[in-house]
Amino acid sequence: MMPMSGAGKPSWFSAMIDRGRHNLLGVGISAVDYESAVAQILDSAQSRKPLGVSALAVHGVMSGVLDREHRHRLNQLELIVPDGQPVRWGLNLLHKTRLNDRVYGPNLMLKTCEAAADAGVSIFLYGSTPDILSELQARLVTRFPKLVIAGSQPSRFRTLSLDEKESVIKDIRASGAAITFVGLGCPRQEVWAYEFKDALQMPVLAVGAAFAFHAGQLDQAPRIMQRLGLEWLYRLFKEPKRLWRRYCYLNPCYLWLLFLQKTGLKRFELNNTVAPNREIRHG
């Protein structure tokens with residue numbers, strides 16, 4: 001179990017930062033640190049409560065800005081953390097949250113696995129390819145020997161039928177896992193978390209490229225570029241044909257809209273009443 005102190009709280013509880021959820025271009029982002037995010041995830045896992053979690057960089061935020069239905073989905077997730085430095089900067093600029101660090105999805109996955117191993121909480125891995133899942137599991141268990149990986153399923157890379165959706169839910173619940181990590185890419189994984197979290201009754205973490213990173217299949221940007229908010233530039237250099245539109249179009253749009261929200265020239269509604277089609281579109 002996690003170390004405790006006073007009133008049954010983790011020994012590092014006093015160091016946790018949770019400064020609430022704030023409106024960033026109409027998407028609710030939680031001003032938290034790693035410790036607070038992991039504590040919420042573990043609490044949800046141990047109490048068998050649904051918790052939709054995503055780590056959003058600029059691309060993830062803009063996917064909600066540009067798609068009203070998807071914005072509704074994002075705002076139904078209980079915990080969205082600032083994955084990218086520009087998202088953290090946006091929170092600090094607009095809401096004076098004074099966050100000193102982002103909550104990077106791949107690191108959040110590792111910290112959650114470490115806490116789950118210590119607490120005896122098992123996990124499930126959903127998404128990516130069989131090869132990546134196999135290597136990912138081997139590396140996670142090597143890094144966290146006490147971690148129990150209850151099961152895994154690769155992505156089908158197509159729309160799931162209703163029967164397939166029910167089968168996925170049944171398999172994950174039957175595995176005994178208490179936390180599910182989803183690596184389908186943005187925004188598919190956030191759709192998945194929105195659709196499945198209540199049926200699974202556990203935390204569902206959308207962690208994107210973390211599967212490929214931790215399986216050794218994809219290089220992460222150098223730490224200096226990550227600290228400077230230039231991770232996007234590194235990834236653009238690596239995959240220009242696939243990512244040029246994401247970064248060359250969405251990054252300037254993000255900065256412009258951030259200026260409009262800061263100056264009050266445009267209002268962004270945090271809540272909307274558009275309920276999206278609940279069909280699973282990606283699996």
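This tour goes through two pockets and two helix pairs, with a selection to make at each stop. The model is predicted, and residue numbers run from 1 along the chain as its sequence is written.

**Stop 1: the largest pocket**

Begin by selecting H59, A209, R235, R246 and Y247, which, of the 50 residues that line the largest pocket, are the closest to its centre. The space in this pocket comes to about 1000 Å³. To see which elements enclose the space, colour β5 (51–56), α2 (58–65), α4 (85–95), α5, α8 (188–200), α9 (210–214), α11 (231–238) and α12 (240–263), each of which gives two or more residues to the lining. Among these, α12 deserves its own selection, since the largest share of the lining, seven residues, comes from α12. If you then colour the lining by class, you should find 26 nonpolar, 15 polar and nine charged residues.

**Stop 2: the second largest pocket**

Next, select Y34, Q85, D101, R102, Y104 and N107 together with Q220, A221, R223, Q226 and R227, the residues that line the second largest pocket. About 270 Å³ of space lies in this pocket, and the element that gives the most to its lining is helix α10 (residues 223–227), with three residues. Coloured by class, this lining divides into three nonpolar, four polar and four charged residues.

**Stop 3: helices α5 and α6**

Now show helix α5 (residues 105–119) with helix α6 (residues 130–143), and look along the line between their axes, which lie 10 Å apart and make an angle of about 55°. The two helices are therefore oblique to each other, and α5 passes α6 in a right-handed crossing. For the side chains, select M109, L110 and C113 in α5, which meet L136, L140 and R143 in α6; the residues of this contact comprise five nonpolar, no polar and one charged.

**Stop 4: helices α7 and α8**

For the last stop, return to α8, which was coloured earlier for its part in the lining of the largest pocket, and add helix α7 (residues 162–175), whose axis comes within 10 Å of that of α8 and crosses it at roughly 55°. This pair is therefore oblique as well, and the crossing of α7 and α8 is right-handed. On the α7 side, select K165, V168, I169, I172 and R173, and on the α8 side W192, E195, F196, A199 and L200, which they meet. By class, this contact has seven nonpolar, no polar and three charged residues.

Conventions. Predicted model: local features only at pLDDT ≥ 70, side-chain atom pairs only at ≥ 80, totals over all residues. Heavy atoms only, no water. Axes fitted to C-alpha atoms, helices over the stretch in contact; angles between N-to-C directions. Helix = DSSP H or I, 4+ residues; strand = E, 2+ residues; numbered from the N terminus. Parallel < 35°, antiparallel > 145°, perpendicular 65-115°, else oblique. Left-handed = near helix turned anticlockwise from the far one by under 90°. Contact = heavy atoms within 4.5 Å. Nonpolar A, V, L, I, M, F, W, Y, C, P; charged D, E, K, R; others polar. 1 Å grid on protein atoms, 1.4 Å probe; cavity = no way out; pocket = protein on both sides within 12 Å on 5 of 7 lines; lining within 4 Å. Points joined across faces, edges and corners; volume = space filled by probe spheres on them.
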